[in-house]
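Trainee: Please take one helix and look at it closely. Then place it in its chain and in the pair.

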Amino acid sequence: MEFIVNIVSLGIPFSVALLIASLGEMFNQRAGVFNLGCEGLMAVGAFLGLLVPYLVGGGAEVPGIYNYIGIAVAMGGGALLGLLFGVVVVSFRAPQGIAGIGMQMFGVGLAGTLFRHFVGGTQSVIGIPKAPIPFLADIPILGELLFQHNPLVYVAFILVPVAWYVLFKTPWGLRVRAVGTNPRAADSIGIQVNRVRFQALMVGGAMAALAGAYLSLCQVKMFSDDIIAGRGFIAVALVYFGHWHPVKIMGGALLFTLAQSLQLAIQGLGIDFPYEFLVMLPYVLVIIVLSVSRNSQKMGPTALGKPFNREMRT
Amino acid sequence: MTKRFRTGYKIGVIILAIITAMTFGALILIAIGADVFKTYIVILTEPLKNKIGVTEVLLRLVPLSIVALGITVAYRSGIINIGAEGQMAIGILTTTALALAFPDLPSYILIPAALLAGAFGGAVWGFVPGFLKAKLQVSELLSTVMLNYIAAQLYTFFLRGPMLDPAEITMGSGTPQSMRLSRNLDLTRFIKGTRIHTGLFIALALALLIYILLWKTSYGYKMRAAGASARAARYGGINVPKYLIISMVISGAFAGIAGGIEIAGVHRRAIEGVTSGYGFSGIVVALFGGLHPAGIVPAAFFFGLLIYGADMTQRLVGVPANMIQVLQGIIILTIVATKMVLANPYLMQRVEEKLFSSLRRGKTEEVA
């Protein structure tokens, strides 16, 4: 029993970065833009989030507010990079797959370059401490599982219904889905397709950066060049897996990280098994899931990956 | 629209793109307080100042061009291979395995056999995403990235386990690397005092081979047709999924050969960090070279220069080597955007009208 509780309470914080980034990517893809640069945006977010508390305190403990300023800066930077990506793929209508790789290299390289200049070496920060919720945290088992986490963990899970509400119940969400499904029809009733896509890219960029900042401030509490370790790419895959729906994406994120915490737990038990194969597991899982759920791709936004050009027919 | 205007327009757009890219790079260099002009000069000229520098650039040209040639085959067939990094790693493993198994074969058998083994390993790693894309419509962008991470884990597993140098076990320093491979596998270093090896000629030969394959055979024609328009190719009776898979197998095989050559020519054993981003840089080289062998070889030289030059910036101007990744990212983004501008005839027309109407107005004013 304790073993299972351990795995689950380990797994929930692990899922946060994937969950937030996937929700952001979902807005991009719902608007018809495939942002493979998610990994790069997360790296920049991880760096910017850590930069503010580091500059203030130099690795020592700083008042909590600076951590949150760091997160705000990271989200701003992420939105800016989303905008940049929009210029390339929305305004210039460049093919999104290859542009996303460019964005990924740009983001990861930028974070590494700036980190070496402004911070340098390996520098850990105190980061954001856990915040047990009063009363709820004392419930046996359930309290340990759900209510003794980092504040951003609660934020991430609150973002799921928020994303659902925004996407399905607000006029803006309707516009996002419209420009991702049938941009021509959306255009004909006066929706500015490219403007909505830009907005979605900025929201997605800010969320990817938030996910990165969560990694550097709450999970790893330091920055390294490979801090994201492919989570950005897994986040993109999770959007397919979750059929572009916030709740299913949450399910996917939890499933993946449970696999990961199971791996840590097995390592902890000291079972003699080459750990490289355990580390591989999530990546193998992505490929298997994408292969068996191939019909799901037909459920995606029909204009996904197609730049909108008002002057062209078809 | 005159032909002269059209070429002028294209050159203008490309110059504008280069200026944009360099400005973006300059902004970041300013942000880290570096001397922009000096940094660019160091990256572009410092390596070319002596014999060793030039050969080191050529040394990097070899894997860059081979990987880029493979990526070109895939790209021309309509599939983006970002898994070259993993395919290269697997190629290194298979090359090493063969060299460990048959160390006593004479050079003229061992070298081709080991490189073929590398090609085979890479081809298997390329076949998987190709098959998944052709038969199950799995996006190759995601599957190849995932296979990169899987390959990286396999690589460390083999270097720490089955292929670990016996000397490391007795000495106990624990560096994950294989033993020094058979000397019969060594590619000759043909300039004394430098590391440049005969792999350079293999790279050039492979460039020629890809040119012939893509433009002079019916196979290449069918691949390019499948890439240009899958639907039209299908109506034309081309088995598109089959050519997708073949192109990915070739693409992976090339990455695998690149890995094998790095081992046989440079490192002489499998160690960590051999691939060092060549798989991703290969994408930039392929795009920069216009997806054509005649462009790829010079492009590989240019990026070999950038990569080697970036190693020096840390020491000479205090710019981290990560900057090269930033530049590569910027270059990809600029190339894909520029291509769209060049492919847009309406834009050209509009520019011409604006330009010439203002010129005409200027002339009439002069007359008046």
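Mentor: The answer starts with the helix and works outwards. The model is predicted: local features need pLDDT of at least 70, side-chain atom pairs count only at pLDDT 80 or more, and totals for chains, interfaces and linings use all residues. Residues are numbered from 1 along each chain as its sequence is written, while chains are lettered from A and ligands numbered from 1 in the order in which they are written.

The part is helix H10 of chain A, residues 231-241. Helices here are DSSP runs of H or I with at least four residues, strands are runs of E with at least two, and both are numbered from the N terminus. Is H10(A) enclosed or open? 11 of its 11 residues are buried, so H10(A) is largely enclosed by the rest of the structure. Buried means 20 or more other C-beta atoms within 10 Å of a residue's own; exposed means 12 or fewer, partly exposed is in between, and the C-beta atoms are placed from the backbone. The buried residues include A:Arg231, A:Gly232, A:Phe233 and A:Tyr240.

What covers them? From chain A, the cover includes H1 (2-30), H2 (38-57), H11 (246-269) and H12. Chain B adds its own helix H6 (140-160). After H10(A) comes A:His243, with a positive phi near 50°.

H10(A) also belongs to the interface. There, 39 residues of chain A are in contact with 36 residues of chain B. Contact means C-beta atoms, placed from the backbone, within 7 Å. On the chain A side, the elements that give two or more residues are H4 (96-118), H10 and H12 (275-292). H4(A) gives the most, with 16 residues. By class, that side has 25 nonpolar, nine polar and five charged residues. Nonpolar covers Ala, Val, Leu, Ile, Met, Phe, Trp, Tyr, Cys and Pro; charged covers Asp, Glu, Lys and Arg; the others, Gly among them, are polar.

Now the whole of chain A. It has 12 helices and zero strands. Its C-alpha trace spans about 60 × 45 × 40 Å along the principal axes. The radius of gyration is 20 Å, which agrees with the value near 20 Å for a compact globule of 314 residues. That radius is taken over C-alpha atoms, and the globule rule is 2.2 Å times the number of residues to the power 0.38. Of the 314 residues, 50% count as buried. Among contacts between residues at least 6 apart in sequence, 80% join residues at least 24 apart.

One residue shows such a link. A:Leu167 lies in H6(A), residues 151-169. A:Leu167 is buried, with 20 other C-beta atoms within 10 Å. A:Arg30 is 137 residues away in sequence, yet 8.8 Å away in space, C-alpha to C-alpha. Beyond neighbours within four places in sequence, the contacts of A:Leu167 are A:Arg30, A:Gly173, A:Val176, A:Arg177 and A:Pro246.

The partner, chain B, has 15 helices and zero strands. Its radius of gyration is 23 Å, close to the 21 Å that the globule rule gives for 368 residues, so chain B is as compact as a globular protein of that length. Its C-alpha atoms fill a box of roughly 95 × 60 × 35 Å, taken along the principal axes. Buried residues make up 49% of chain B. One of its helices, H4(B), is mostly covered: 15 of its 18 residues are buried.

Methods. Contact = placed C-beta atoms within 7 Å.
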